[in-house]
Structure formats: C-alpha cells, structure tokens
Amino acid sequence: MTDRLMRGRPAVIAACVGVSVAGALLVARPALAADTPRGLTVARGNACMGCHAVDRKLVGPSFQQIANRYKGDPLATTKLVKKVKDGGSGVWGAIPMPSHPSMSDADVRAVVGWVLAGAPSSK
Ligand code: HEC
C-alpha cells in the first residue's frame with residue numbers, strides 16, 4: 001500500500017512540474033520579448049508611441065514614413081539621434097518634436113536604428 005503510493009508519487013510530481021512549466025511559458029509569451037526588437041521596447045518605454053505609430057500619422061509622422069524619407073541617406077542615423085535628443089520642428093510640419101535629454105545614447109541609437117529599419121514588430 002505505502003509501496004504503491006510511493007511509486008505513484010514521482011509521476012504525479014512530474015505531471016505537476018510539467019503543467020506549471022507550460023503555464024509559465026504561456027503567461028510569459030507576450031512579455032517574453034525574445035523577438036521584440038530593442039528599439040520597440042525603448043519606444044514603448046519612452047512614450048514615443050503617444051505621438052508616433054508604426055504605420056499611420058499621429059501627432060508626429062509614422063515610423064514607416066520616417067524610414068522611407070531617410071532611405072539611402074548616410075547621415076540619417078546622426079541626424080535622427082540628434083533630433084530625438086534635442087527635439088525640433090520644421091521637417092514634417094510646424095508641430096515640434098520634444099527633446100529627450102535623459103535618454104541614454106544606447107537607447108536613442110537603438111530606437112533610431114529600429115525606426116530606420118522600418119519599425120518591424122519582431123526581429
Ligand atoms: C509630443 C509628441 C512627440 C513625442 C512624445 C515624440 N515625438 Fe517624435 N516627432 C514628433 C513630431 C511632431 C515630429 C515632426 C518634427 C518635425 O517636423 O521636424 C517628430 C519627428 C520624429 C522623427 C523624425 C525627425 C526628423 O527630423 O525627420 C523621429 C525619428 C522621431 N520623431 C522619433 C521619436 C522617438 C524615438 C520618440 C520617443 C523617444 C519620439 N519621437 C517622441 C512628435 C513627438
């Protein structure tokens with residue numbers, strides 16, 4: 001009797017572990033971020049998406065419009081890194097882009113690189 005119980009236990013434990021691992025994977029999936037481009041994470045984390053969308057104009061131009069405009073421009077990264085940091089207006093219209101002085105260089109470069117790549121939703 002005890003013997004049979006003991007023998008059944010590992011299987012029960014294995015089944016429980018299996019279920020909880022599967023559950024954790026399911027829950028973690030959307031936030032897993034393994035294929036979320038770093039630039040998208042930076043854009044979401046710095047309120048860029050409040051004024052920009054990937055494929056339609058909001059307050060600012062869409063990230064895809066920006067990618068198209070600077071296609072083939074070797075100075076695009078330098079220009080846009082400066083623009084995101086310092087802000088400014090007049091390229092797309094009169095509405096100014098706010099400055100982002102507290103963003104790290106690495107974050108600004110990541111988000112600009114992602115925008116210029118056409119703002120893909122996954123890597
Ligand atoms: C308050 C609204 C607002 C926020 C927040 C905002 N932008 Fe902008 N953005 C604009 C506007 C408006 C323009 C167009 C500026 C112009 O015409 O020169 C713009 C332009 C741009 C451009 C193109 C610049 C150019 O000179 O062509 C890039 C790249 C950009 N934004 C990236 C970002 C990123 C990255 C963030 C977040 C860190 C961000 N924006 C946050 C409003 C915003």
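Colleague: Which residue follows helix 2, and what is the sign of its phi?

Modeller: That's Ala47, and its phi is positive, near 60 degrees. Keep in mind that this is a predicted model.

Colleague: Why does a positive phi there deserve a mention?

Modeller: Most residues other than glycine have a negative phi. Ala47 has a positive value in a residue other than glycine.

Colleague: Where does Ala47 lie, and is Ala47 buried or exposed?

Modeller: Ala47 lies in the loop between helix 2 and helix 3. Ala47 is exposed, because it has 11 other C-beta atoms within 10 Å, and the cut-off for exposed is 12 or fewer.

Colleague: OK, back up a bit. How many helices and strands are there in the protein?

Modeller: Five helices and zero strands. Along the sequence the pattern reads α-α-α-α-α.

Colleague: And what percentage of the protein is buried?

Modeller: Buried residues make up 15% of the 123 residues. As for contacts between residues at least 6 apart in sequence, 59% of them join residues at least 24 apart.

Colleague: Let's go to helix 2. Which of its residues are buried?

Modeller: Helix 2 covers residues 38–45, and its buried residues are Gly39, Leu40, Val42 and Ala43. Seen down the helix axis, the buried residues fall within an arc of 160 degrees, so they line one face of helix 2.

Colleague: Why would residues a few places apart share a side?

Modeller: An α-helix has 3.6 residues a turn, so residues three or four places apart point the same way.

Colleague: Which exposed residues sit on the face turned away from the buried side of helix 2?

Modeller: Arg44 and Gly45.

Colleague: What do the buried residues of helix 2 pack against?

Modeller: They pack against helix 5, residues 105–116. Val42, in helix 2, is a good one to click on.

Colleague: Which residues does Val42 touch, leaving out those up to four places away in sequence?

Modeller: Val42 touches Asp107, Ala110 and Val111. Val42 and Val108 are 66 residues apart in sequence, and their C-alpha atoms are 8.0 Å apart in space. Val42 counts as buried because it has 22 C-beta neighbours inside 10 Å, where the cut-off is 20 or more.

Colleague: Now helix 5 itself. How many residues does it have, and what distance does it reach?

Modeller: Helix 5 has 12 residues and reaches 16 Å from its first C-alpha to its last. That is close to the 16 Å expected at 1.5 Å a residue.

Colleague: Which residues in helix 5 are buried?

Modeller: Val108, Val111, Val112, Trp114 and Val115. They cover an arc of only 160 degrees around the axis, which puts them on the same side of helix 5. Asp105 and Ala106 are exposed on the other side.

Colleague: Which helices do the buried residues of helix 5 pack against?

Modeller: Helix 2, helix 3 (63–69) and helix 4. For the helix 4 side, look at Leu80, which lies in that helix. Leu80 touches Val112 and Val115, not counting residues up to four places away in sequence. Leu80 and Val112 are 32 residues apart in sequence, with their C-alpha atoms 6.5 Å apart in space.

Colleague: Is Leu80 buried or exposed?

Modeller: Leu80 is buried, with 21 other C-beta atoms within 10 Å.

Colleague: What comes just after helix 5?

Modeller: Gly118 is just after helix 5, with a positive phi of about 95 degrees. Ala119 lies in the segment after helix 5, and its phi is near 55 degrees, a positive value in a residue other than glycine. Ala119 counts as buried because it has 22 C-beta neighbours inside 10 Å.

Colleague: Switching to the ligand: how many residues surround it, and which are the closest?

Modeller: 26 residues surround the ligand, and the closest are Cys48, Cys51, Gly60, Trp92 and Met97. The elements giving two or more residues to that shell are helix 4 (76–86) and helix 5.

Colleague: Which element gives the largest share of the shell?

Modeller: Helix 4, with three residues.

Colleague: How do the shell residues divide into nonpolar, polar and charged?

Modeller: There are 16 nonpolar, nine polar and one charged.

Definitions and conventions
Residues numbered from 1 in each chain as written. Predicted model: local features only at pLDDT ≥ 70, side-chain atom pairs only at ≥ 80, totals over all residues. Helix = DSSP H or I, 4+ residues; strand = E, 2+ residues; numbered from the N terminus. Arc of directions from axis to C-beta. Contact = placed C-beta atoms within 7 Å. Near = placed C-beta within 6 Å. Nonpolar A, V, L, I, M, F, W, Y, C, P; charged D, E, K, R; others polar. Expected span 1.5 Å × (residues − 1).
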